Amino acid sequence: MAELTIGNRKVGDGHPVFVIAEIGINHNGSMEVAKKLIEGAALAGCDAVKFQKRTPELCVPKDQRDIERDTPWGRMKYIDYRYKVEFGRDEYLEIDRYCREKGISWFASCWDEDSVDFMEQFNPPCYKGASASLTDLGLLKKTKATGRPLAISTGMSTMEEVETAITELGRDNLMIAHTNSTYPCPIDELNLRMITTYKSLFPEVPIGYSGHEVGLSTTWAAVALGAAFVERHVTLDRAMWGSDQAASVEISGMSRLVSNIRDIEKALGDGVKRVYEGEAAARKKLRRS
């Protein structure tokens with residue numbers, strides 16, 4: 001049976017869908033925005049929020065560091081921008097405190113080995129490996145070696161790359177997220193049936209969905225197909241500055257997303273045919289024999 005534990009929650013077959021609101025870098029370096037997103041995700045009923053942690057000098061290729069770009073703080077080099085949106089220890093201490101206050105778990109995608117070491121001081125309940133990191137086996141192995149559950153996203157990857165990562169990491173304490181890494185993703189490229197493909201190929205591993213499309217119905221469809229966890233980027237306003245904002249869900253949308261996921265869980269049932277009490281009157285009235 002595909003099942004593991006994240007914090008105090010069982011995640012996998014037969015358990016409620018674990019809903020992750022990815023804040024990522026949608027806070028734009030602002031603790032005020034980050035707190036509003038945490039509070040909104042908690043009020044919406046999400047189980048966790050996720051951040052992204054990078055060491056810019058390790059993650060930004062040398063040929064891109066000095067390329068200038070327009071930012072909310074003016075025109076600056078890309079490496080300087082990456083530092084501008086990166087939270088440090090003091091900010092994450094406050095995030096940790098605030099998430100506890102709001103009763104929601106938090107964790108991060110670590111994009112380099114130093115970031116894994118950094119995040120370990122906060123005892124996160126799990127980790128996420130970004131799609132871009134699926135072939136970075138050294139990073140994934142270091143993350144998995146923490147002993148915490150690891151979810152790997154499989155966007156922009158071939159099936160061979162996915163299978164190699166799983167072989168190298170082992171299937172214990174592992175989750176697999178189907179995703180497409182286009183932001184926002186065209187509906188006809190979501191290929192949601194990959195969820196059932198992964199479930200058949202890796203039956204002992206919880207399979208989930210990380211969505212970057214516009215709208216919510218396709219994420220609900222992922223739940224109906226058996227996703228054990230879902231992740232959507234969250235934002236205060238899809239028109240805000242930032243590369244991920246347009247593919248994100250606003251707080252009101254997150255509330256609808258979670259509410260309808262809970263309804264879908266109830267509606268799916270257990271697959272055992274039975275006559276329900278509410279049908280008794282119709283059965284008596286309408287049956288001829």
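**Reading helix H10**

Q: How many residues does helix H10 have, and what does it reach from its first C-alpha to its last?

A: Helix H10 (residues 251–268) has 18 residues and reaches 26 Å from its first C-alpha to its last, close to the 26 Å expected at 1.5 Å a residue. The expected span is 1.5 Å times one less than the number of residues. Helices here are DSSP runs (H or I, at least four residues), strands likewise (E, at least two), numbered from the N terminus. Keep in mind that this is a predicted model, where local features need pLDDT of at least 70, side-chain atom pairs count only at pLDDT 80 or more, and totals for chains, interfaces and linings use all residues. Residues are numbered from 1 along each chain as its sequence is written, and side-chain values use heavy atoms, leaving out hydrogens and water.

Q: Which residues of H10 are buried?

A: An α-helix has 3.6 residues a turn, so residues three or four places apart point the same way. In H10, the buried ones (under 20% relative accessible area, 1.4 Å probe, protein chains only) are Gly-253, Met-254, Leu-257, Val-258, Ile-261 and Ile-264. Seen down the axis of H10, they fall within an arc of 135° (taken from the directions from the axis to the C-beta atoms), so they line one face of the helix.

Q: What does the face turned away from the buried side of H10 carry?

A: That face has Ser-252, Lys-266 and Ala-267, which are exposed (over 50% on that scale).

Q: And what follows H10?

A: Gly-269 does, with a positive phi near 65°.
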